[in-house]
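Welcome, and thank you for opening the viewer. Get your selection tool ready, and we will walk through the structure one stop at a time.

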Amino acid sequence: MSLADLTIAEAGKQLRSGQATSVDLLEAVIERASFTEAQLHCYLTIDHEGARKAAESADRELAAGTDRGPLHGIPLALKDNFCTRGMTTTCSSQILAGYVPPYDATVVSRLRSGGAVIVGKTNLDEFAMGSSTENSAFGPTRNPWDPERVPGGSSGGSAAAVAVGSALGGFGSDTGGSIRQPASLCGVVGFKPTYGLVSRYGLVAFASSLDQIGPLARNVGDALTLFEAVAGHDPLDSTSYPGPVPEMRSDLEAGPKGIRVGVVTELSGEGYEPAVSTAMAEMLNRLAADGAELVEVSLPTFELALSCYYLIAPAEASANLARFDGVRYGLRVDGETVEEMMARTRAEGFGPEVIRRILLGTYSLSAGYYDAFYGQANRLRTKLIREIAEVHERVDVLVSPTSPTVAFELGAKTQDPLAMYLSDVCTIPADLAGTPAISVPVGLDHQGLPIGLQVMAPALGEAVMFRMARAVEERAGFTARPAMAGLPT
Amino acid sequence: MPIEIDIAHVARLARLALTPDELDRYRSQLAVILDHAARVQAVDTTGLAPTAHPLGLSNVFRPDEVRPPLDVDEVLSQAPSARDGYFEVPPALEGA
């Protein structure tokens, strides 16, 4: 087995026992990338030189007795919407092609000070708008389980890299499901924390009231380790939660006994592939057999969550993306006046999905429509938050499929925006409510494509969410890895 | 009820120089999405305050401390056009 296939926990043990060095780990993931990148295109940038320096420094420090913790010397992949000082950050957009940020996102500086090795920056749907990583100005990422299919999105590059071993772990951002849905489609764990637990400082903003950074990993324990390294209050993000990060380790192995599991009626039925529904039902049976209490719950507002999201997210995006105007960074297309320059730059620099959402958001925020669209959607959001809080008086966690389908073929949904949006129907409620949610792989369908189960918990309920995720993982026993052509075994 | 969208006005507000064909295409796509979103408007939300922050945080301030700013040269190195320590743009006013 290659070092590229180790979990973070295993790699950490090998580093500390002297079986492997950080440079060895880095070389293993870069070697893996050299086999897989031509076909998969997980990365937009691989920072060979910077990563090598970081790995050498991590090795020197460990040898000298300085241990920065569980990510010390671990090669990680970061979505290319995290600002990295001195390393290109494009958001997969022509408007930011070649942009080199003058500062690090808080998440990046915390990872660096934790000794992590940043391998590079991964592909995404442009400005994180999409569910397939096809909306990238630099070409799509493909699914390691079947390169004719999408990896999901928008954090598809990080999910595919973790799945195939071109990083040991990674980070993405989740606005409507952009960590969990690609995790599900790529057979890895993806976690969106409670809104505010991870700083958004230096994350290129899409929809500020929804965006949250979180990890992608090969197992639940690694996801927790990655989260712990970056979580906690940041004075540079005014939406950052000022209280303590929940304690999540003591009950991690406590199992499902006594946990009240709400099965969400609205996230089932028509549109859900039979293999997805069956995998979830089988897992629920196993959890029940081991003492979990299953409760059918109805959250009627979930039916409206997608519509609500498509009013809120584009509205916030249209405001956030106003900053890309050809003045301070990125592309400029010349014009006679400053307005003409801006309008040409933006039309040239943004791709169709981004333009579509900017127009939608601009329309719904324009004079006379604000209250009917954005205002109303946020009142509905309050209704959803209350509904979830009421259900959590009866259940500890909620479960659903992460995605109604397994990975779909490239091009299958690109001509129909609404069909693409529907692939986030299960993940959007937790973004609107700001609650934590995780996707855990539970099996493969008859085509050998991964299926993910989503566990949601109340705000700041990460402890019970991780406990249930771990219970699911243990029962699923999911150890399959993509057998990609050319992948050395 | 079909939704009327003055797409050229919206594109102007968003500072997007789009062709007539593009405007037509986006108008019809927006109509479909907004039609789906119209379900939101049918919900009775009387008495509900809009959500601004899911955990309800408001009026958050950090200590007003002097911190080193970003390096001016590093920042301006990313600008399409800069001169004498400033960002440079075409005229903002007609006849300027």
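## Stop one: the sheet

Start with the strands of chain A: 11 of them form an open sheet with mixed pairing, in the order 1-3-2-4-6-5-10-11-9-7-8. Helices (H or I, at least four residues) and strands (E, at least two) are DSSP runs, numbered from the N terminus. Two strands count as paired if DSSP finds at least two bridges between them. At the edges of the sheet lie strand 1 (43–46) and strand 8 (293–297) of chain A, each pairing on one side only. On average, neighbouring strands of this sheet are turned by 30° against each other, direction ignored. Angles run from 0 to 180 degrees between N-to-C directions, and axes are lines fitted to C-alpha atoms, for helices over the stretch in contact.

Before moving on, a word about what is on your screen. This is a predicted model, in which local features need pLDDT of at least 70 and side-chain atom pairs count only at pLDDT 80 or more, while totals for chains, interfaces and linings use all residues. Residues are numbered from 1 along each chain as its sequence is written, chains are lettered from A and ligands numbered from 1 in the order in which they are written, and side-chain values use heavy atoms, with hydrogens and water left out.

## Stop two: strand 3 and its partners

Select residues 117–122 of chain A, which are strand 3. How many of the residues of strand 3 of chain A are buried? The count is 6 of 6, so this strand is mostly covered; buried means under 20% relative accessible area, exposed over 50%, and partly exposed in between (1.4 Å probe, protein chains only).

Strand 1 of chain A runs antiparallel to strand 3 of chain A, joined to it by 3 bridges. Show A:Thr45 and you will find its bridge partner, A:Lys121, in strand 3. Strand 2 (residues 75–79) of chain A pairs with strand 3 in the parallel sense over 5 bridges. Here A:Lys79 has A:Thr122 as its bridge partner.

## Stop three: the middle of the strand order

Next, select strand 4 (residues 169–174) and strand 6 (residues 212–217) of chain A, an antiparallel pair with 5 bridges. A:Gly170 is matched with A:Leu216 of strand 6.

Now add strand 5 (residues 189–192) of chain A, which is covered on both faces: A:Val189 and A:Phe191 are buried on one side, A:Gly190 and A:Lys192 on the other. Strand 5 pairs with strand 6 of chain A in the antiparallel sense over 2 bridges, and A:Val189 has A:Ala217 as its bridge partner. Strand 5 also runs antiparallel to strand 10 of chain A, with 3 bridges joining them. Look for A:Phe191 opposite A:Ile438 in strand 10.

## Stop four: unusual backbone spots

Most residues other than glycine have a negative phi, and most peptide bonds are trans. Chain A offers some departures to look at.

- A:His41 has a positive phi of about 55° without being a glycine; find it in the loop between helix 2 (22–40) and strand 1 of chain A.
- A:Thr133 has a phi near 60° and sits in the loop between strand 3 and helix 5 of chain A. It counts as buried because its relative accessibility is 0%.
- A:Gly153 and A:Ser154 are joined by a cis peptide bond, with omega about 15°. A:Ser154 is in the loop between strand 3 and helix 5 (156–164) of chain A.

## Stop five: where two chains meet

Select helix 11 (residues 352–365) of chain A and helix 2 (residues 20–41) of chain B, which pack at an angle of about 65° with their axes 10 Å apart. Which residues of helix 11 of chain A and helix 2 of chain B make the contact? Chain A brings A:Pro352, A:Ile355, A:Arg356, A:Leu359, A:Leu360 and A:Tyr363, and chain B brings B:Tyr26, B:Gln29, B:Leu30, B:Ile33 and B:Leu34; contact means heavy atoms within 4.5 Å. These residues divide into 9 nonpolar, 1 polar and 1 charged. (Ala, Val, Leu, Ile, Met, Phe, Trp, Tyr, Cys and Pro count as nonpolar, Asp, Glu, Lys and Arg as charged, and the others, Gly among them, as polar.)

## Last stop: helix 15

Finish with helix 15 (residues 462–476) of chain A, whose 15 residues reach 20 Å from first C-alpha to last, close to the 21 Å expected at 1.5 Å a residue. That expected span is 1.5 Å times one less than the number of residues. Of its 15 residues, 12 are buried, including A:Phe466 and A:Val472. Just after helix 15 comes A:Gly477, with a positive phi near 55°.
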